[in-house]
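Below is a short note on the model you sent round. The points go from the whole chain to single residues.

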Amino acid sequence: MARVRKFLDIDVVEAAYQRVRHIFETFDTIVVMFSGGKDSLVALHIVKNVAEEFGQSRVNVVFRDEELIPDSVIDFVDEYRRADWVRMWWYCYPLKSQKYVLG
């Protein structure tokens, strides 16, 4: 079956809000995977705003700490962990890292 592009008369932010509202209408439990990066930060705040629309005061968040993440990112994520509107699960996965130097 051929795919057809459908252009919307809304901007990308409003489209994101519509999609997140659909998720809240469809599922009982919503969880945001948060890496501490700009994309997941925007997603987290969109989910927070929609959760408030649905009468929810907290957002479920999962952060996967690979133990190779810079301290500045860890500190940033920890600030969100302490926010009263965040219910965070912080998982640590020890990873073996090998460094190769060529030449």
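The numbered points that follow cover the predicted model, starting with its overall make-up.

1. Fold pattern. Three helices and three strands make up the secondary structure of the chain. In sequence order the elements run α-β-α-β-α-β. The chain is more spread out than a compact globule, because its radius of gyration is 18 Å, well over the 13 Å that the globule rule gives for 103 residues. The C-alpha trace spans about 55 × 45 × 20 Å along its principal axes.

2. Burial and surface. Of the 103 residues in the chain, 26% are buried. The exposed area of the chain is about 8400 Å², and carbon and sulfur atoms supply 53% of that area.

3. Contacts and charges. Among contacts in the chain with a separation of 6 or more, 74% join residues 24 or more positions apart. The chain has 14 positive and 16 negative charges, and the mean positions of these two sets are 5 Å apart.

4. V50, in helix α2. Helix α2 covers residues 38–53, and V50 is one of its residues. The relative accessibility of V50 is 0%, so V50 counts as buried, the cut-off being under 20%. Beyond its neighbours within four places in sequence, V50 is in contact with Y17, V20, R21 and F24. The C-alpha atoms of V50 and Q18 are separated by 9.3 Å, with their positions 32 residues apart along the chain counted as the sequence separation.

5. V47, also in helix α2. V47 lies in helix α2 and is buried, with a relative accessible area of 8%. Setting aside neighbours within four places in sequence, the contacts of V47 are V20, F24, I30, V32 and V59. For one of these partners, V32, the C-alpha separation from V47 is 7.8 Å, the two being 15 residues apart along the chain. V59 belongs to strand β2, which comprises residues 59–65, and V47 is in contact with V59.

6. A51, the next helix α2 residue considered here. A51 is found in helix α2, and its relative accessible area of 1% makes it buried. Apart from neighbours within four places in sequence, A51 is in contact with F24, Q56 and V59. F24 is also among the contacts of V50 and of V47. The C-alpha atoms of A51 and D28 are 12 Å apart in space, while the residues are 23 apart in sequence.

7. S40, a polar side chain in helix α2. Is S40 buried or exposed? S40 is buried, with a relative accessible area of 11%. A polar atom of the S40 side chain lies 3.4 Å from the backbone oxygen of G37. Outside its neighbours within four places in sequence, S40 is in contact with M33, F34 and S35.

8. N60, in strand β2. N60 lies in strand β2 and counts as buried at 13% relative accessibility. Which backbone oxygen lies 3.2 Å from a polar atom of the side chain of N60? The oxygen is that of I30. I30 also appears in the list of residues in contact with N60, which leaves aside neighbours within four places in sequence and otherwise holds T29, V31, V32, R87 and W89. Both I30 and V32 are in contact with V47 as well, so a reader can check the N60 and V47 lists together.

9. R81, in helix α3. R81 lies in helix α3, residues 71–81. R81 is partly exposed, with a relative accessible area of 38%. Not counting residues up to four places away in sequence, R81 touches V86, M88 and W90. R81 and F63 are 18 residues apart in sequence, and their C-alpha atoms are 9.3 Å apart in space. F63 falls within strand β2, residues 59–65.

Technical notes
Residues numbered from 1 in each chain as written. Predicted model: local features only at pLDDT ≥ 70, side-chain atom pairs only at ≥ 80, totals over all residues. Heavy atoms only, no water. Helix = DSSP H or I, 4+ residues; strand = E, 2+ residues; numbered from the N terminus. Rg over C-alpha atoms; globule rule 2.2 N^0.38 Å. Buried < 20%, exposed > 50% of the residue type's maximum accessible area, 1.4 Å probe, protein only. Contact = heavy atoms within 4.5 Å. Areas by Shrake-Rupley, 256 points an atom, 1.4 Å probe, with all protein chains shown as cover. Lys, Arg positive; Asp, Glu negative; His and termini not counted. Charge placed at Lys NZ, Arg CZ, Asp CG, Glu CD. Polar contact = N/O pair within 3.5 Å; in protein donor to acceptor, adjacent residues only side chain to side chain.
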